[in-house]
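Colleague: Please pick one part of this model and take me through it slowly. I am in my first year, so explain each term when it first comes up.

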Amino acid sequence: WYQRRVRGIPELVERARKLKVTAGDQPGADLGPVISPQSKARIERLIQSGVDEGASLPLDGRNISVPGYEKGNFVGPTIMSGVKPNMECYREEIFGPVLNIIEADTMDEAIGIVNDNPYGNGCAIFYQQRICC
């Protein structure tokens, strides 16, 4: 069961790696800079807190260098897996290009996790069964 649940993460990582990070006014930009150096530092701190609390980091967008904007407030696509609802990286809204993956064993458990999150725009359920809801 576990192998089936995590199978899609490598594909998700590869797709996220292909996102173009550059100034938002540049043609083809998928991700632009975050709003300020303080915002970048906060995002990076929350990513590190997830790692410190036991999350895996299959894609780390910290320390990205954008040619021509080396001193910009950029954070690349980041994917954290193994996140738990009690972790700071989940409890706090990150406001950055970070996907936290929380696994649930049942649909009821997944719905409970979403319903317990105070940020309605911060949760989604991806279900691998063909018939759902």
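Modeller: Start with helix α3, where S39, K40, I43, L46, I47, S49 and G50 are buried. Buried means under 20% relative accessible area, exposed means over 50%, and partly exposed covers what is in between, with a 1.4 Å probe and protein chains only as cover. This is a predicted model, in which local features need pLDDT of at least 70 and side-chain atom pairs count only at pLDDT 80 or more, while totals for chains, interfaces and linings use all residues. Residues are numbered from 1 along each chain as its sequence is written, and side-chain values use heavy atoms, with hydrogens and water left out.

Helix α3 covers residues 37-52. Helices (H or I, at least four residues) and strands (E, at least two) are DSSP runs numbered from the N terminus. A simple check on α3 is its length: at 1.5 Å a residue, its 16 residues should span 22 Å, and the C-alpha atoms at its ends are 22 Å apart, which agrees. The expected span is 1.5 Å times one less than the number of residues in the helix. A general point helps in reading lists of buried residues in a helix. An α-helix has 3.6 residues a turn, so residues three or four places apart point the same way.

What lies over the buried residues of α3? The cover includes β1, β2, α4 and β3. Contact here means heavy atoms within 4.5 Å. Not every residue of α3 is hidden. Q38 lies in this helix, but Q38 counts as exposed because its relative accessible area is 59%. Between the C-alpha atoms of Q38 and N73 there are 8.9 Å in space, although the two are 35 residues apart in sequence. Just after α3 comes G54, with a positive phi of about 110°.

Now to the strands that α3 meets. They form an open sheet of three strands in the order β1-β2-β3, and the pairing is mixed. Two strands pair if DSSP finds at least two bridges between them. The edge strands, each pairing on one side only, are β1 (56-59) and β3 (98-101). On average, neighbouring strands of this sheet are turned by 25° against each other, direction ignored.

The mixed pairing can be followed strand by strand. β1 and β2 (residues 78-81) run antiparallel and are joined by two bridges. S56 has S81 as its bridge partner in β2, and L59 stands opposite I79 of β2. With β3, the pairing of β2 is parallel, over four bridges. There, M80 has N100 of β3 as its bridge partner.

Two helices can be placed against this sheet. α3 lies across β1, β2 and β3 and runs at about 25° to β2. Helix α2 (residues 9-17) packs on the sheet too, touching β1, β2 and β3, and its direction makes about 50° with that of β1. For these angles, axes are lines fitted to C-alpha atoms, for helices over the stretch in contact, and the angles run from 0 to 180 degrees between N-to-C directions. β2 is covered on both faces: T78 and M80 on one side, and I79 and S81 on the other, are all buried.

The loops around these elements hold a few residues to look up. T22 lies in the loop between α2 and α3 and counts as buried because its relative accessibility is 8%. Leaving aside neighbours within four places in sequence, T22 is in contact with A29, L31, G32, P33, V66, Y69 and F74. In the loop between β1 and β2 is N63, which has a positive phi of about 60° although it is not a glycine. N63 is exposed, at a relative accessible area of 73%. F95, in the loop between α4 and β3, is not a glycine either, yet has a positive phi of about 55°. At 62% relative accessibility, F95 counts as exposed.

Finally, here is where α3 sits in the whole. The protein has five helices and three strands, in the order α-α-α-β-β-α-β-α from the N terminus on. Of its 133 residues, 32% are buried.
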